[in-house]
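Hi everyone, thanks for making the time. I'd like to walk you through one structure today, so let me put it up on the screen.

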Amino acid sequence: MSQLIDVVMPEQHEGTRATVLRWCRNVGERVTQNEPLVELETDKVTVEIPAPASGELVDILKAPNDAVEPNAVLARLRIGATTEASKANAPSASAPTRRRETELREAPLSPAVRRLLAEHGLQPAQIAGSGRDGRITAQDILRHVESRTTGTARTSSTAASTIAPAPTRAPPPARGPQAQSPAASAGSRKVPHSAIRRRIAEHMAASVATAPHVTTLFEADLTNVVRHRERHAAEFEGRGAKLTLTAYFVAASARAIEAVPEANATFHPDHLEIHGDANIGVGTALGNEGLIVPVLHRAQTLDLFGISHRLGELVAQARVGRLAPEAVRGGTFTISNHGVSGSILAAPIVINQPQVAILGVGKLERRVVVREVDGEDVIRVRPMCYVTLTIDHRALDAFQANAFLAALVRTLEEWPAD
């Protein structure tokens, strides 16, 4: 006897809605239990839904780009009796062993795996599969990518810049009555929003409409931080963590939250919920796809190495689209390090609701400053950056925002250089 069972979108996946990206199997094909069956994109992560049982895929109810919600039926499987079509397609007992090994190696590649292989210029033979029957999973590729040394990437980047051709001078524009404006023939095109872009738009508009945004601005002297990083970056890398300036800002934010716990809170109409753990999210750009905010949970319990190591894992996973749902849940405070792309100042940075504050970090620049030395004003050149705190004015006032930034700047400027 055969039996039909539903393939259902689980409730535990991040977000309340998702969009079908692609199916890993076609109607009529056999599937194996726990094999990736369909790939979904939520507002924060891409997830693979495995087959709940072994059988034949007999019906696909949600097509690519369809929106789905938790508990929605995505497809139906027939389990139990083996279909005649499946028997006909099954490999014969006399097939060569090498052909069977190739099938196990290549056929089960999910779309997510194929995409990651293409993005990173990898071949399946380069990856040690940890899935069933040696199948390659997205996590296998992620581990392989993370194992690559930063030195190789740096060398490749330098070589590319060396051989890049010099820009050529554009020809002068046409003049006279025959000259035409480029806009006359350029036309326009429609680019459908991805699920992430749609959710970002909704979330940002709701945040601005809900919370009155106020921004305060301080300046931080990172002399001691830069010296400490220069002395310890190689040691951290030898232990498997890249020491970035962002790690220092995460550590300093955790200290500032201890001084002003109201910045680590959620506003409710009748009370302010102050969170015990500093679950600090770090905005991570995904190019034209938007951004995502992986969360370092309980950051107040991590030392600088722990922050660096976890931050490196999260950012690497985010940029290859393989963050686990739990990695983007539960954030209580957010850092937007917009300076990494050259921005000196951004304000206001939209608050990541339901949080009540977001830290902005500008570009590190060497600037001329005046310092007092032995009672006299002297001119010095120091590594400086602007830091902002945008607050939900329902929950915090300027006094608390300034106190937070004062604690943050003090932590950075008094960082032990050794």
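Before I name any residues, one term: when I say buried, I mean under 20% relative accessible area, while exposed means over 50%, and partly exposed is in between. Please also keep in mind that this is a predicted model.

With that in hand, let's begin with helix H9. This helix covers residues 245-259, so to speak of its length: it has 15 residues and spans 21 Å from the first C-alpha to the last, close to the 21 Å expected at 1.5 Å a residue. How many of its 15 residues are buried? Eleven are, and H9 is mostly covered. The buried set consists of Thr-246, Ala-247, Tyr-248, Phe-249, Val-250, Ala-251, Ala-252, Ser-253, Ala-254, Ala-256 and Ile-257.

Let me step back to the whole chain for a moment. Its secondary structure comes to eleven helices and 19 strands. There are 418 residues, and 39% of them count as buried. The accessible surface is about 23,100 Å², with 52% of that belonging to carbon and sulfur atoms. For those of you who like contact order, look at contacts between residues at least 6 apart in sequence: 65% of them join residues at least 24 apart.

Tyr-248, one of the buried residues of H9, leads us to a neighbour in another helix. His-228 is found in helix H8, and it counts as buried because its relative accessibility is 10%. Which residues does His-228 touch, leaving aside its neighbours within four places in sequence? The contacts are Tyr-248, Leu-304, Trp-415, Pro-416, Ala-417 and Asp-418.

Staying in H8, which runs over residues 223-238, we also find Glu-235. At 37% relative accessibility, Glu-235 counts as partly exposed. Its C-alpha is 10.0 Å from that of Phe-305, although the two residues are 70 apart along the chain. Glu-235 also forms a salt bridge with Arg-239, where the closest N and O atoms are 3.2 Å apart. Arg-239 is partly exposed too, with a relative accessible area of 46%.

That brings me to charge pairs more widely. As a reminder, side chains of opposite charge can pair when their charged atoms come close. The count here comes to 13 salt bridges. I'll pick out a couple more of them.

My next example is Glu-39 with Arg-22, a salt bridge whose closest N and O atoms are 3.3 Å apart. This pair links distant parts of the chain, with Glu-39 in strand E4 (residues 36-41) and Arg-22 in strand E2 (residues 18-23), 17 residues apart. Is each partner buried or partly exposed? Glu-39 counts as buried because its relative accessibility is 0%, whereas Arg-22 is partly exposed at 29%.

Now compare that with a pair inside a helix. Glu-313 and Arg-310 meet in a salt bridge, 3.0 Å from N to O. Both sit in helix H10 (residues 304-319), and because they are three residues apart there, about one helical turn separates them. The general picture is familiar: an α-helix has 3.6 residues a turn, so residues three or four places apart point the same way. As for accessibility, Glu-313 is partly exposed with a relative accessible area of 26%, and Arg-310 is partly exposed with 30%. Elsewhere, salt bridges that share partners join Asp-6, Asp-59 and Arg-76 into one network.

On to cysteines. How many disulfides does the structure hold? The number is zero. Two cysteines I looked at are Cys-24, which is buried with a relative accessible area of 11%, and Cys-385, which counts as buried at 1%.

Last stop, the outside. Val-368, Val-370, Ile-379 and Val-381 make a nonpolar surface patch of about 390 Å². The elements that give two or more residues to this patch are strand E18 (365-373) and strand E19 (376-392). Ile-379 lies in strand E19, and Ile-379 counts as exposed because its relative accessibility is 60%.

That's my tour. Thanks for listening, and I'm happy to go back to any part of it on the screen.

How values were computed: Residues numbered from 1 in each chain as written. Predicted model: local features only at pLDDT ≥ 70, side-chain atom pairs only at ≥ 80, totals over all residues. Heavy atoms only, no water. Patch = residues over 30% accessible without salt bridge, like charges linked within 9 Å, V, L, I, M, F, W, Y side chains within 5 Å. Areas by Shrake-Rupley, 256 points an atom, 1.4 Å probe, with all protein chains shown as cover. Salt bridge = Lys/Arg side-chain N within 4 Å of Asp/Glu carboxyl O. Helix = DSSP H or I, 4+ residues; strand = E, 2+ residues; numbered from the N terminus. Buried < 20%, exposed > 50% of the residue type's maximum accessible area, 1.4 Å probe, protein only. Disulfide = S-S within 2.5 Å. Expected span 1.5 Å × (residues − 1). Contact = heavy atoms within 4.5 Å.
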